[in-house]
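Here are a few exercises to work through with the model open in your viewer. Try each task before you read its solution.

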Amino acid sequence: MAKVLLEMNSITKTFPGVKALDNVNLKVEEGEIHALVGENGAGKSTLMNVLSGIYPYGSYTGDIIYDGEVCMFHNIKDSEKKGIVIIHQELALIPYMTIGENMFLGNEQGSKWCIDWNKTYAEADKYLEMVGLTDSSKTLIKDIGTGKQQLVEIAKALAKHAKLLILDEPTSSLNETDSRALLDLMKKLKGEGMTMIIISHKLNEVSYVADKITVVRDGSTIETLDAATDDISETRIIKGMVGREITDRFPKRHDIVLGDVMMEVNDWTVYHPEFSERKVCDNVSINVRAGEVVGIYGLMGAGRTELAMSIFGRSYGIGISGELRLRGEPVTLRSPKAAIDAGLAYVTEDRKGNGLVLSNSILRNTTLANLNGVSSGTFIDKDKEYEVAKEYVEKLRTKTPSVEQLVGNLSGGNQQKVLLAKWMFANPDVLILDEPTRGIDVGAKYEIYCIINDLAKAGKSVIMISSELPEVIGMSDRIYIMNQAKIVGEMNASEATQENIMACIVGVSGDNSADGEGSEA
Amino acid sequence: MGGNKALNFLRKYMMLIATVIVVIAFYFITDGRTLLPINIDSLISQNAYVFVLGTGMLLCILTGGNIDLSVGSVVCLAGSVGAIIMDTVVLGHKIPWPFAVAVMLLMGLLVGIWHGFWIAYIKVPPFIATLVGMLAFRGLANIILKGKDVSIENKAFMNLFGGSDSCYIPDFPTLSKAGNMVKSYTGVYTSNIDEITGLYQQGKLTDAQFAQVKEVLGGLNVVCMAFAIALAVALILYTFINRARLIKKGYKVENIAAVIIKTAIIAVVIIWFGYKLASYKGIPTAFIWIALILALFAYITTKTTLGRNLYAVGGNEKATRLSGIDTRKVMFSAYALMGVLAGFASILVIARGQKAGPTIGTGFEMDAIAACFIGGASAYGGTGSIGGVIIGAALMGIINQGMSIADTPVNYQKVVKGIVLIVAVLFDVLMQMRRKGGKKRAANVEASEKGGAKA
């Protein structure tokens, strides 16, 4: 039996009004990869914040025993001194600084009054090599893709002499190739004796990489599964997370009635707004019928979001050419407003950045895309607006005390529902949903799927962009597969399997790793 | 939860409570002089421009913490042009004041359009675009003025916009009563104190009669008092009728006790305020103007699509643009309106000062910005209200005046104002940190991202 490196005993942490952690126990052995899984808001991140000293000693009860001694961390510096380094979900790198500068930010090499840049870059290169990154440490962060940025974060952690590495959703913004590379790097580091804790929503990755899996639910640890002895299939983990077995992850639709072709895109070509010679959509043709759910599957950087946004009133890209037909008529949509008026809606993948006004209430967000629906053009009918917001909160079962609640205070799943409500209220004929279930928990996902099905049933055309294969296959009537700016396959859901979809992608290009990465920045 | 509720209450009414404390403190420090009717009156007249400019500034700040540095210079430029127009003789007559007023508003609008164009459509950072305005418009004003003051002699203009001694809403009942008294004594109808004094000196009025008339004229201003009472009654009626309506529709409403207490306090304050003004000369015309402006913009910010868009742009510009809203137009509107309001402020300022001069408006932008931030507007945009501006401007004005009455040297006053600003903002920041608790880190990341995006 290996040595126990970290033991967290009966940790309890309360926020005003909420018990975020209730008597949590966690035991991590040296040299293992320990996964923490649980629905959003289950308390995983809170637990890691307690561990890393973001919530200082005294603000919680219980003991942290690390490397044989009881620890009282008052801030991150304390825990880092002990070799506990946390890598947060949102990358904390500064775009206009070099890799080396970022790596040693707050930990500058040389003396206090004079930074030794030669040493900085030499050291940086050393750690970059350890994580398998070949770029020079003098490259600016903004010039490398998110996959590489995540590796830089790990190198940065290594440079702090980490002994226990905590990765909070490390693959949430990576495509599958980069994700796999990262997971393999974790395995390699484990081989070199590193202990790691990974928080992830992606259960297949957890199954792939973890030695032990601890399930957190409603602020308590439910169980710890050992990869060596227990069943760690996705179904088994989900059962622990939600406390019930989800037999059917995707709600079935019955009596599918397909109408006429609602939207048709032909020979759609879009260029990158900054690198104007690069095509982000190359001769793409797709169509969607009324009452149909069309999936677009592709890895990140394949051009899916770019396609959607360029269709939606040219809100992305330059040099857009091609034909767009709505209800058979060719149209030109030059702005999001024109697109909305024409009956299009684009539900962004980036709900915090592009979707919601976090500092505004649910009410205000719900009506933002269709203020005319609650006003006479200039004057807002507040009563009507209230009714509308309330109606959608009830319809989508958004969990909130009132419609006046600020959207920033809601959980990811509920934010997504508000975003959907906003676009549903705009009453479009064609909804383009870009990664509608990203970063939300299993229960909320199911509810979102039901909403999508209801929309289709009501005769709307739904285009669902996703990089989760089971989701695309489970939800769509028809699937387009996109890779490297091109549509590389189209199939009916009935004939789609994970294997033949991946085959479409691999069939076109064998080496999408290098190119694919750069295109994401 | 009890503690949380108290904290929320404190957060919501913090600056209001602070204002009350400051008022009470100065009352004792100055032996009650700050609350003399004359001082209440001058508090409004002196700070009228802060309310007007603060309103405009709020619009800019809402769009993302953007400020307009040029307003002081715009006040100077528009005011100078207005004063010169009123001073110019054409065909033997001075140009009438309405023309000057129109030109001043128009100039404000043009400046606003100028700024809005650069900021919204060419994407010049607002700080720089308005810094340019601050320098250039001050320079232009000096060129036009040739470095000299231009005084204003038009009585009608000054009465209407808050300069001179009689810039008050006339108290018709009292005046007619006095007039009739004079008529019954002398046969001449007049309520003008100068003319009455003349009659007295001519011996047409006895000592007793003269004293009687003077007493009537110096009594409580009936119009002002009636206005205050009407306002209080209207407020009470509105509150309860609206509440009944909301209950009928099944909305959540505030606890009845809280509503009664709140309404009662506000009504008492209105009547007290009215009484104070009535004991002096009545309602200053400037007060009417700022009340109109504040009411108009409170309406715009809360009940119109333009107002909604201002908040949305400040909260998340990208999301707003993708919601089909022309964010450039929103930005442009904010600066255009700011310009008009600066033009309007210039009218009040030259009327009050009875002149235009090269240094008029210096530092006004800072007063306006401070009023917004003290009133709880976020430096990142997206939050803030007209109510906040009122409290912010009032608090600054009260502190200014209190310290002047207490004979605090001017330079110390500035230091105190600075401290008030940091305390107001600090309190807000601390409260937010506490409220967010676990989300602190996320907020930091967001803030740094914001910084990154701006850089």
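**Exercise 1. Work out whether the radius of gyration of chain B agrees with that of a compact globule.**

Start with the rule: the radius is taken over C-alpha atoms, and a globule gets 2.2 Å times the number of residues to the power 0.38. For 455 residues that puts a compact globule near 23 Å, and chain B, at 25 Å, agrees. Next, look at the extents: the C-alpha trace of chain B spans about 80 × 60 × 50 Å along its principal axes.

Before going on, a word on the model: it is predicted, so local features need pLDDT of at least 70 and side-chain atom pairs 80 or more, while totals for chains, interfaces and linings use all residues. Residues count from 1 along each chain as its sequence is written, and chains are lettered from A and ligands numbered from 1 in the order written.

Now for the inside of chain B. Buried residues (20 or more other C-beta atoms within 10 Å of their own, C-beta atoms being placed from the backbone; exposed means 12 or fewer, partly exposed in between) make up 40% of the 455 residues. As for secondary structure, chain B has 19 helices and four strands; these are DSSP runs, H or I of at least four residues for helices and E of at least two for strands, numbered from the N terminus.

**Exercise 2. Describe the side of chain B that touches chain A.**

First count the contacts (C-beta atoms, placed from the backbone, within 7 Å): 29 residues of chain B meet 37 residues of chain A. Then find the helices: α13 (305-315), α14 (317-322) and α19 (440-454) of chain B each supply at least two residues to that side. Finally, sort by class: there are eight nonpolar, 13 polar and eight charged residues. Here Ala, Val, Leu, Ile, Met, Phe, Trp, Tyr, Cys and Pro are nonpolar, Asp, Glu, Lys and Arg charged, and the others, Gly among them, polar.

**Exercise 3. Trace the six-stranded sheet of chain A and find its edge strands.**

Strands pair if DSSP finds at least two bridges between them. Following the pairs gives an open, mixed sheet in the order β18-β19-β20-β15-β21-β22 of chain A. The edges are β18 (344-347) and β22 (486-492), each pairing on one side only.

Now go strand by strand:
- β15(A) and β20(A) run parallel with five bridges, and A:Tyr297 stands opposite A:Ser466.
- β19(A) also runs parallel to β20(A), again with five bridges; A:Val430 faces A:Ser461 there.
- β21 (478-483) of chain A is antiparallel to β22(A), with six bridges, and A:Met482 has A:Ile487 as its bridge partner.

**Exercise 4. Is β20(A) enclosed or open?**

Check burial: six of its six residues are buried, so β20(A) is largely enclosed by the rest of the structure. Then split the residues by direction: A:Ser461, A:Ile463 and A:Ile465 point one way, A:Val462, A:Met464 and A:Ser466 the other.

**Exercise 5. Decide which residues of helix α4 of chain A are buried, and what they pack against.**

The buried ones are A:Thr120, A:Tyr121, A:Ala124, A:Asp125, A:Tyr127 and A:Leu128. They pack against α3 (99-103), β8 (114-115) and α5 (146-159) of chain A. Just past the helix, A:Gly132 takes a positive phi of about 75°.

Conventions. Contact = placed C-beta atoms within 7 Å.
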